[in-house]
Number of protein chains: 4
Amino acid sequence: MFIELDLQSEVPIYKQLADQLIEGIASGKLSSGQPLPSVRTLAADLGINLHTVNKAYQALKQEGFLEIHRKQGVIVQPGSLPSADEAFRERLRRDLRPLAAESAARGMSEDELQELLLSLYRQIQNPSSQGGTSP
Amino acid sequence: MFIELDLQSEVPIYKQLADQLIEGIASGKLSSGQPLPSVRTLAADLGINLHTVNKAYQALKQEGFLEIHRKQGVIVQPGSLPSADEAFRERLRRDLRPLAAESAARGMSEDELQELLLSLYRQIQNPSSQGGTSP
Amino acid sequence: MFIELDLQSEVPIYKQLADQLIEGIASGKLSSGQPLPSVRTLAADLGINLHTVNKAYQALKQEGFLEIHRKQGVIVQPGSLPSADEAFRERLRRDLRPLAAESAARGMSEDELQELLLSLYRQIQNPSSQGGTSP
Amino acid sequence: MFIELDLQSEVPIYKQLADQLIEGIASGKLSSGQPLPSVRTLAADLGINLHTVNKAYQALKQEGFLEIHRKQGVIVQPGSLPSADEAFRERLRRDLRPLAAESAARGMSEDELQELLLSLYRQIQNPSSQGGTSP
DNA sequence: GTGGTCTAGACCACG
DNA sequence: GTGGTCTAGACCACC
């Protein structure tokens with residue numbers, strides 16, 4: 001797996017994991033219907049507890065990014081992924097707001113901020129163009 | 001004060017407070033050198049714990065947005081405000097990243113996301129245009 | 001067979017199967033003494049494990065809905081079907097209780113709840129009236 | 001508290017607990033805004049693990065029946081309770097269906113089944129009329 | 001083998 | 001004091 005955790009971070013491990021799985025979905029590294037490692041396997045790989053992995057998986061199942069089956073294990077949502085509905089946009093605004101405010105307070109311009117966001121967005125959708133050895 | 005807290009929110013109260021003070025600075029509602037209420041006064045006004053207000057003030061002092069003097073009390077940074085240095089941009093990227101990723105995974109386009117951020121940024125810098133009483 | 005399984009469901013497959021066989025009996029699609037497919041055949045038809053079909057058959061035999069003979073194979077109870085005795089009503093109450101409670105807590109009236117149950121009951125007893133080709 | 005758990009039951013403890021809390025809300029024994037015991041206290045009272053209590057609380061928070069605060073602890077949803085929307089009715093039908101089917105298969109009439117459900121509903125909404133000493 | 005549940009004990013952030 | 005997180009180890013249902 002391509003997961004990298006920072007065990008020292010103040011961000012909970014299960015959230016780091018969930019975030020990176022979503023990023024994997026956004027980038028296409030994880031595609032619809034693709035199986036994910038079992039909680040035990042992934043926990044062992046990452047050197048963390050299986051409950052922590054399970055918590056991340058459950059959260060993503062809850063949001064509709066994953067399906068969890070008895071024998072089959074865990075797979076990326078084979079149907080349509082959750083959409084950017086109003087509830088999500090609301091949450092997004094709430095989370096973005098303090099970041100925009102502090103950027104403004106520190107004198108960062110609209111353009112600079114937007115450019116930074118754009119570069120992140122593109123880097124996520126096309127991860128091979130980042131630090132890779134592509135021509 | 002213009003502070004509005006949501007005691008039900010999962011966002012810690014001290015962070016909501018700090019965020020709104022920063023937003024006050026970004027919008028110009030709080031200007032350089034302007035005195036802020038004492039910890040006691042503000043805590044009483046908002047109906048929250050002394051420690052909570054103090055924690056917010058200390059965090060903002062730490063970042064360079066406030067100065068705290070024994071006698072004078074608390075004032076908005078009279079010199080130059082903290083800048084958007086590389087450390088801040090690094091933190092900003094780290095916080096923005098999972099938001100950009102989830103937006104992409106949910107099929108939100110670059111443009112939609114940027115527009116949403118832009119509207120927030122402008123709303124913060126010019127709060128009177130939002131639900132205000134301007135003509 | 002008229003069985004339809006949802007392999008994504010959180011309801012165990014053997015239970016879905018047993019439930020639908022009971023529904024077949026309730027609707028008359030399966031009548032007393034009628035032979036059912038062998039464990040092997042049904043498992044192949046449904047694309048599921050032998051053990052799973054067997055578990056459903058055994059459970060229904062246990063409750064008295066089926067008889068299982070070595071040679072004859074599996075048949076719907078040729079004698080009298082199990083009755084709604086006190087043990088069943090007890091189980092029924094235990095299962096119905098949390099559903100009634102949540103309905104009440106969510107503000108659903110007696111009448112609404114009863115009507116919903118009634119419509120289900122009738123739909124089960126007369127499945128042709130549901131999406132069928134009757135005039 | 002009025003909670004009674006059956007540790008031998010096949011129904012998970014956290015679900016029994018959640019169900020009974022919902023029943024408490026439906027009956028009015030728990031009213032809007034009322035504080036609930038802390039996870040530790042309730043776990044000790046019931047002789048179960050605090051994580052089990054927490055799991056029940058989290059599930060009810062997720063569904064909108066409870067709010068969980070930092071210091072205040074856990075309270076019954078002070079605003080409006082979740083409504084019987086289409087998603088709930090869908091789930092209700094799915095859960096009711098096998099019960100209706102087995103009732104029918106066992107020869108229970110529409111009326112008997114409805115009466116049983118009605119008596120449960122009323123007993124939940126007015127628990128004092130059940131085994132109590134009221135006039 | 002898989003995930004689901006429960007227990008136990010620990011540390012930390014919050015207020 | 002509260003809940004939030006993480007770890008560890010156990011048993012069970014399902015397939």
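This is a guided walk through a predicted model of protein chains and DNA strands, one selection at a time.

**Stop 1: chain A on its own**

Select chain A and hide the rest for a moment. Its C-alpha atoms occupy a box of roughly 55 × 40 × 35 Å along the principal axes. Colour by secondary structure and you should find five helices and three strands, running in the order α-β-α-α-β-β-α-α along the sequence. Of the 135 residues in chain A, 30% are buried. If you like contact maps, note that among the contacts in chain A with a separation of 6 or more, 49% join residues 24 or more positions apart.

Now colour chain A by domain. The assignment gives domain 1 as 13–76 and domain 2 as 86–125. Taken over C-alpha atoms, the centres of these two domains of chain A are 26 Å apart.

**Stop 2: L42(A)**

Stay with chain A and pick L42(A), which sits in helix α2. Is L42(A) buried or exposed? L42(A) is buried, because 22 other C-beta atoms lie within 10 Å and the cut-off for burial is 20 or more. Show its surroundings: beyond residues up to four places away in sequence, L42(A) touches M1(A), P37(A) and V53(A). For a sense of distance, draw a line from L42(A) to S103(A); the two are 61 residues apart in sequence, and their C-alpha atoms are 37 Å apart in space.

**Stop 3: where chain B meets chain A**

Bring chain B back. How many residues does each chain give to the contact? Chain A and chain B contribute 37 residues each. On the chain B side, α1, α4 (86–105) and α5 (110–125) each supply at least two residues. The largest share comes from α4(B), with 15 residues. Colour that side of chain B by class and you will see 23 nonpolar, five polar and nine charged residues.

**Stop 4: the nonpolar cores**

Which residues have the most contacts inside the largest nonpolar core? They are A100(A) and A100(B), in a core of 62 residues. Centre the view on A100(A) and leave aside its neighbours within four places in sequence: A100(A) is in contact with L113(A) of its own chain, and with L117(B), L120(B), Y121(B) and I124(B) across in chain B. There is also a second, separate core of 60 residues, which includes L17(C), A26(D), L99(D) and A101(D).

**Stop 5: helix α1 of chain B**

Next, select α1(B). With 11 of its 15 residues buried, this helix is largely enclosed by the rest of the structure. The buried set includes I13(B), L17(B), L21(B) and I25(B), and also Q16(B), Q20(B) and E23(B). What do the buried residues of α1(B) pack against? Their partners are α4 (86–105) of chain A, along with α3, β3 (73–76) and α5 of chain B.

A quick geometry check: at 1.5 Å a residue, the 15 residues of α1(B) should span 21 Å, and the end C-alpha atoms are indeed 21 Å apart. Just after α1(B) comes G28(B), whose phi is positive, near 90 degrees.

**Stop 6: V39(B)**

Move along chain B to V39(B), in helix α2 (residues 39–46). V39(B) counts as buried because it has 20 C-beta neighbours inside 10 Å. Outside its neighbours within four places in sequence, V39(B) is in contact with L50(B), V53(B), N54(B) and Y57(B). The C-alpha atoms of V39(B) and N49(B) are 9.4 Å apart, with these positions 10 residues apart along the chain.

**Stop 7: the two DNA strands**

Show DNA strand F. Around it are 26 residues, the closest being P12(A), I13(A), N49(A), I13(C) and S38(D). Two or more residues each come from α1 (13–27) and α3 (50–63) of chain A, α1 (13–27) and α3 (50–63) of chain C, and α2 (39–46) of chain D. By class, this surface has 10 nonpolar, 10 polar and six charged residues.

Then switch to DNA strand E, which has 26 residues around it; S38(A), I13(B), P12(D), I13(D) and N49(D) come nearest. Here the elements giving two or more residues are α2 (39–46) of chain A, with α1 (13–27) and α3 (50–63) of both chain B and chain D. The residues divide into 10 nonpolar, 10 polar and six charged.

**Last stop: chains that do not meet**

Finally, show the protein chains together. Chain B and chain C do not touch, and their nearest C-alpha atoms are 22 Å apart. No contact joins chain A and chain D either, with their closest C-alpha atoms 10 Å apart.

Notes. Residues numbered from 1 in each chain as written. Chains lettered and ligands numbered in written order. Predicted model: local features only at pLDDT ≥ 70, side-chain atom pairs only at ≥ 80, totals over all residues. Contact = placed C-beta atoms within 7 Å. Near = placed C-beta within 6 Å. Helix = DSSP H or I, 4+ residues; strand = E, 2+ residues; numbered from the N terminus. Nonpolar A, V, L, I, M, F, W, Y, C, P; charged D, E, K, R; others polar. Expected span 1.5 Å × (residues − 1). Buried ≥ 20, exposed ≤ 12 C-beta atoms within 10 Å, placed from the backbone. Domains from an automatic or database assignment. Core = buried A, V, L, I, M, F, W, Y, C linked by C-beta atoms within 7 Å.
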